[in-house]
Amino acid sequence: MKLYNYFRSSASFRVRIALELKGLPYDYVAVNLARGSHHLDVYQNLSADGLVPLLEVDGQRLSQSMAIIEYLDETLPQPPLLPPDALGRAQVRALAQSVACEIHPLNNLRVLKYLVGPMQQSEDTKTTWYRHWVRQGLEAFERQLRAIDATRAGPASVYCFGATPTLADCVLVPQIFNGQRFNVDFQGLTRTMAAFEACMQLPAFQKAQPSNCPDFEP
Ligand SMILES: N[C@@H](CCC(=O)N[C@@H](CS)C(=O)NCC(=O)O)C(=O)O
């Protein structure tokens, strides 16, 4: 398996976590987004959308981090990243999508570059934009976690959902790392940050983090 990715990319980080949780070895192919390597023909010829991550597996190329993670979960079911019941799966997917579909698209590299480039906004405006959408999105995430906790049977959750990490944790943790880079205020997001801290105790999350990537640059 070959993962085209970038140490700082949140969507890539999601897949690296899932690969580590599954114990799957992979070749790390760095695509330097900061230097625009994803715009080069060599990468555009591989990737239809020119984004990372891209997973090459069994002669196929898969894009979109959540689709990749679900593929990994279906083809190597242990340890599971989705609950066994339909309701639980819907709740975990909703949590993951709250970050991946509501927060991340407003704040990824091309959107921020467009703000300060063609839209001629200042770096300060860009940062205000970033912090606003991340904070607002994480407040919704916090409410979602609490609402699920209130109705979920069994012992209190350690992670986003239950006693083992799920797809929701694979998506949350990179968003928190990203928010930390922009000094987002996490005050009051106690349930969310408790899940984040619990994840970061696990070797899989530690190994997948940006500072442990071969292309890491401080
Ligand atoms: N929804 C996609 C998002 C992919 C994406 O936007 N990746 C970012 C890095 S986190 C990227 O390649 N950005 C390049 C750019 O914005 O120019 C996924 O989950 O894989």
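A helix here is a DSSP run of H or I that is at least four residues long, and helices are numbered from the N terminus. The structure is a predicted model, and the exercises below go through the surroundings of its ligand and then its backbone.

**Exercise 1.** Find which element gives the largest share of the shell around the ligand, and describe that shell by class.

*Solution.* Begin with the place of the ligand, which sits in the largest pocket. The elements that give two or more residues to the shell around the ligand are α1, spanning residues 10-22, and α5, spanning residues 109-116. Of these, α1 supplies the largest share, with 3 residues. Sorted by class, the shell holds 6 nonpolar, 7 polar and 2 charged residues.

**Exercise 2.** Identify the residues that come nearest to the ligand, and give the distances for H38, V52 and Q64.

*Solution.* Start from the 15 residues around the ligand, among which H38, V52, Q64, S65 and R110 come nearest. A polar contact needs a pair of N or O atoms within 3.5 Å, and this cut-off can be held against each distance in turn. For H38, an N or O atom of the side chain is 2.8 Å from an oxygen atom of the ligand. For V52, the atom concerned is a backbone N or O, and it lies 2.8 Å from a nitrogen atom of the ligand. For Q64, a side-chain N or O atom is 2.7 Å from a ligand nitrogen atom. As a last step, consider the surface: the ligand taken alone exposes 510 Å², and the protein buries 91% of that.

**Exercise 3.** Describe how strands β3 and β4 are arranged, and what is found in the turn that links them.

*Solution.* First, β3, residues 54-57, pairs with β4, residues 60-63, in the antiparallel sense over 4 bridges. One pair of bridge partners is V57 and Q60, the latter in β4. The two strands form a hairpin with 2 residues between them, and D58 in this turn has a positive phi of about 50°.

**Exercise 4.** Locate two cis peptide bonds, at P53 and P79, and a positive phi at Q120.

*Solution.* As background, most peptide bonds are trans, and most residues other than glycine have a negative phi. The bond from V52 to P53 is cis, with omega near 10°, and P53 lies in the loop between α2 and β3. Another cis bond joins Q78 and P79, with omega about -15°, where P79 belongs to the loop between α3 and α4. Finally, Q120 has a positive phi near 55°, and this residue lies in the loop between α5 and α6.

Conventions
Residues numbered from 1 in each chain as written. Predicted model: local features only at pLDDT ≥ 70, side-chain atom pairs only at ≥ 80, totals over all residues. Heavy atoms only, no water. Near = heavy atom within 4 Å. Polar contact = N/O pair within 3.5 Å; in protein donor to acceptor, adjacent residues only side chain to side chain. Areas by Shrake-Rupley, 256 points an atom, 1.4 Å probe, with all protein chains shown as cover. 1 Å grid on protein atoms, 1.4 Å probe; cavity = no way out; pocket = protein on both sides within 12 Å on 5 of 7 lines; lining within 4 Å. Sits in = over half its atoms within 2 Å of the grid points. Nonpolar A, V, L, I, M, F, W, Y, C, P; charged D, E, K, R; others polar. Pairing = 2+ DSSP bridges.
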